[in-house]
Amino acid sequence: MATLVLTVIGTAVGGRIGGAVGAIAGQAIDAELFKGRPREGPRLTDLSIQTSSYGSAIPRVFGVMRVAGSVIWSTDLIETRTRTGGGKGQPGTNNYSYAASFAVLLSARPISRIGRIWADGNLLRGADGDFKVATGFRLHRGGEDQPVDPLIAAAEGALAPAHRGHAYAVFENLQLADYGNRIPSMTFEVFADEAPVAIGAIAEAIGGGLVADGGLSRTLPGFSAYGDSARRVLEALAQIGGGWFAPTGGGLVLRGDAVPERALADQGVGARTPGRRRAYRLAAIETVPQVVTVAHYDPGRDYQIGLQRARRPGAGYRERRLDLAAAIDAGGAKAMAEAALSRDEAGRETRQLALGWDALDLSPGAVVSIAQESGRWRVTGWSLEAMVLTLDLVRLSDTGATTLVASSGRVLASPDTVAGETILHAFELPSLDDGLLAAPRLLVAAAGTAPGWRRAVLLYSIDGGARWTTAGATALPATIGAVAVPPRRCGSALRDLAGFVDVDLAHAAMMLADADDAALDSGGNLALVGDELLQFGKADPLGGRRWRLSRLLRGRRGTENAAGGQLVGDRFVLIERETLVAIDLPLAVLGGVACVIASGVGDADGGVRINAAVTGASVLPPAPVRLRIDQAEGRLAWTRRSRAGWSWTDGRDAPLGEESERYRVAFADGTSIETIDAELPLAGLPSGPVSVRQRGTNGLSMPARLD
């Protein structure tokens, strides 16, 4: 009788975790599932490298995985130009920003949602769905009825594909300033199934009707069926689950450790069959790897590659590495390494049994026991020759599934901080240095209600919102808040050592610091509180977001009239140059209002809008001081101040800072006098209240009044 020898295909890496498949069944399966020569399966790094090449393999994602995907469509870079500065006599600056719109194919099967997104290794989208950089975003989950994306349809017309059955993400106008003005390398946390998926179910889905789930119940948090060879993917699943493929009808079934189907006894027949191999064989221990390493994607490391090892004592030097494109925690990977090593050690033992016709129904892949011996054996092949049935067996490990404790190692994860909504302040201040401005300058400071806020896009209007001009983006997040306990009224001539002001900062991550006398003299710890500029030498945290500021210098740079007029809820802004954006306005806006809009990633549509009065504080001289009646001399006198002399470097007189020195003196009866003198004789002057303004190059100062 002819011999029917069942061939073995799909043998897993490592040797003995293969599946025996009948030659007849194998021919049918080879023709569909295992075409051609075996090709290389995916390397772990493949899933973290974003591609855009035509023909790139797209993973079929199960469970939760971090994948890069392939860019399948993109626009050219979108350039936006904004101009800042350029007031009267001042050069302007053109600023350019870039954005891009593109689509990334993520999975060759439907998914349920997207979690986090990383761009160049940093979080672009947090676990709560908040974006760290401004962008539009749409997810197409891969349904068979999904429509064409409207942006792609607008660009490509009627030929735009819907990519039904494939999940992909579309970014619209992603701002690229943080990524070197290029599309960054992106990876996505893809949720294909909300719960762990059984290995057998994955194999059945990959097999395309040729592989059945044989009850291998071990689950994986995530798996990526990636590569150009279904064979390699199925072999990887067998490695992970410790299973093997067995023939069933015209296909395969993925089986795992099971209770023996029957106990067998060697009947001794055929012992004299020519060429029969030894009935029992134990391979040398050196044939077993001394170390088995499992490389995997570790969810505890933000899906970075983790390594877990199992080591056996004794002789040998071989090592084996299993690269598993699966999301497995450290303990699970450690257990897999130990189980693989245990299977290798058990697989050293092989034997043959000569049986009667009653064992003809046993096929490769079956699990049996041997009478009066412990342990379980897997049938790897059988032959029928000279009416003798011979089974080839390999011992199975008796080590069951265990849960091991293992560490993922130190993780430097990208922080997932929420941006929150934008808090915006716009104001005009006297010059912060001794430079003279020719046009009003509005300063803009912004931050967020949460530590993750980074910046917002700025627009402004000087005609009530009829037309808007881009002003680029905000600067670094400012330290801002609101007045909780207002400061007392106090003059600006002396230090206010008894007073204080309590402020609530925007969020608990904001900090303030002390400043010594030298730092204060250099302009440190300058803050806008309401409309008053003050400096503080002491900053004490009171718990939560509240701070108490003391050792105060009040009414700085001509804001003494606002000292003590603050109310609860008034603004607090720490004045630091790197946190301020300057917007130069035309002189015609003096006395009017500028509208400013800031739109950040955490803001509702339309962003945050505020109105700022353009008082001229940045271009007008400060009000004169020491307005008095000198009875001995019979004169009305005052002392001028300069918008260019706050530092008073020569210790004598401040520079004029204007084209000429002129004043307007106004009286209660409506009369006024234009003069170039800083004093007037009392004789002939109307009695009653009087006010004095300095006439500067760009207009009149605020009045100094004498009742």
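Which residues lie nearest the centre of the largest pocket? Gly 555, Arg 556, Arg 557, Gly 558 and Trp 646 do. The views below come from a predicted model.

**Figure 1. The whole chain, with its helices and strands.** The chain holds six helices and 46 strands. It has 707 residues, and 47% of them are buried. Many contacts span long stretches of sequence: among those between residues at least 6 apart, 67% join residues at least 24 apart.

**Figure 2. Confidence along the chain.** The mean pLDDT of the chain is 85. A score of at least 70 is reached by 88% of the residues. Strand S36, residues 571-574, has the highest confidence, at 98. Strand S1, residues 8-9, has the lowest, with a mean of 32. The pLDDT is below 50 over residues 1-31. In the model, that stretch still has 74 contacts beyond near neighbours in sequence. Residues 35-39 also have a pLDDT below 50. Here the model shows six contacts beyond near neighbours in sequence.

**Figure 3. The largest pocket.** This pocket encloses about 1400 Å³ of space. Its lining is made of 47 residues, with Trp 646 among those nearest the centre. Three elements each give two or more residues to the lining: helix H6 (517-521), strand S40 (625-630) and strand S46 (704-706). By class, the lining has 18 nonpolar, eleven polar and 18 charged residues.

**Figure 4. The second largest pocket.** The volume here is about 890 Å³. The lining counts 36 residues. Closest to the centre are Ala 134, Gln 175, Ala 456, Val 457 and Ser 599. Strands that supply at least two lining residues include S5 (78-85), S10 (167-175), S29 (456-461), S30 (469-473) and S38 (593-600). Strand S6 (92-107) is also one of these. S6 gives the most, with five residues. The lining divides into 16 nonpolar, 13 polar and seven charged residues.

**Figure 5. Helix H3 and its buried side.** Helix H3 runs over residues 199-206. Its buried residues are Ile 199, Gly 200, Ile 202, Ala 203 and Ile 206. They sit on the same side of H3, because they cover an arc of only 160° around the axis. Gly 208 comes just after H3 and takes a positive phi of about 60°.

**Figure 6. Leu 360 in its loop.** Leu 360 lies in the loop between strand S23 (349-355) and strand S24 (367-370). Its relative accessibility is 33%, so Leu 360 counts as partly exposed. Setting aside residues up to four places away in sequence, Leu 360 touches Leu 384 and Leu 389. Thr 390 is 30 residues from Leu 360 along the chain, and their C-alpha atoms are 9.7 Å apart.

**Figure 7. His 425 and its contacts.** His 425 belongs to strand S27, residues 422-427. Is His 425 buried or exposed? His 425 counts as buried, because its relative accessibility is 15% and the cut-off for buried is under 20%. Beyond its neighbours within four places in sequence, His 425 is in contact with Leu 443, Val 444 and Ala 445, among others. Its contacts also include Ile 480, Gly 481, Arg 571, Val 573 and Ile 610.

Definitions and conventions. Residues numbered from 1 in each chain as written. Predicted model: local features only at pLDDT ≥ 70, side-chain atom pairs only at ≥ 80, totals over all residues. Heavy atoms only, no water. pLDDT = per-residue confidence, 0-100. Helix = DSSP H or I, 4+ residues; strand = E, 2+ residues; numbered from the N terminus. Contact = heavy atoms within 4.5 Å. Buried < 20%, exposed > 50% of the residue type's maximum accessible area, 1.4 Å probe, protein only. Arc of directions from axis to C-beta. 1 Å grid on protein atoms, 1.4 Å probe; cavity = no way out; pocket = protein on both sides within 12 Å on 5 of 7 lines; lining within 4 Å. Points joined across faces, edges and corners; volume = space filled by probe spheres on them. Nonpolar A, V, L, I, M, F, W, Y, C, P; charged D, E, K, R; others polar.
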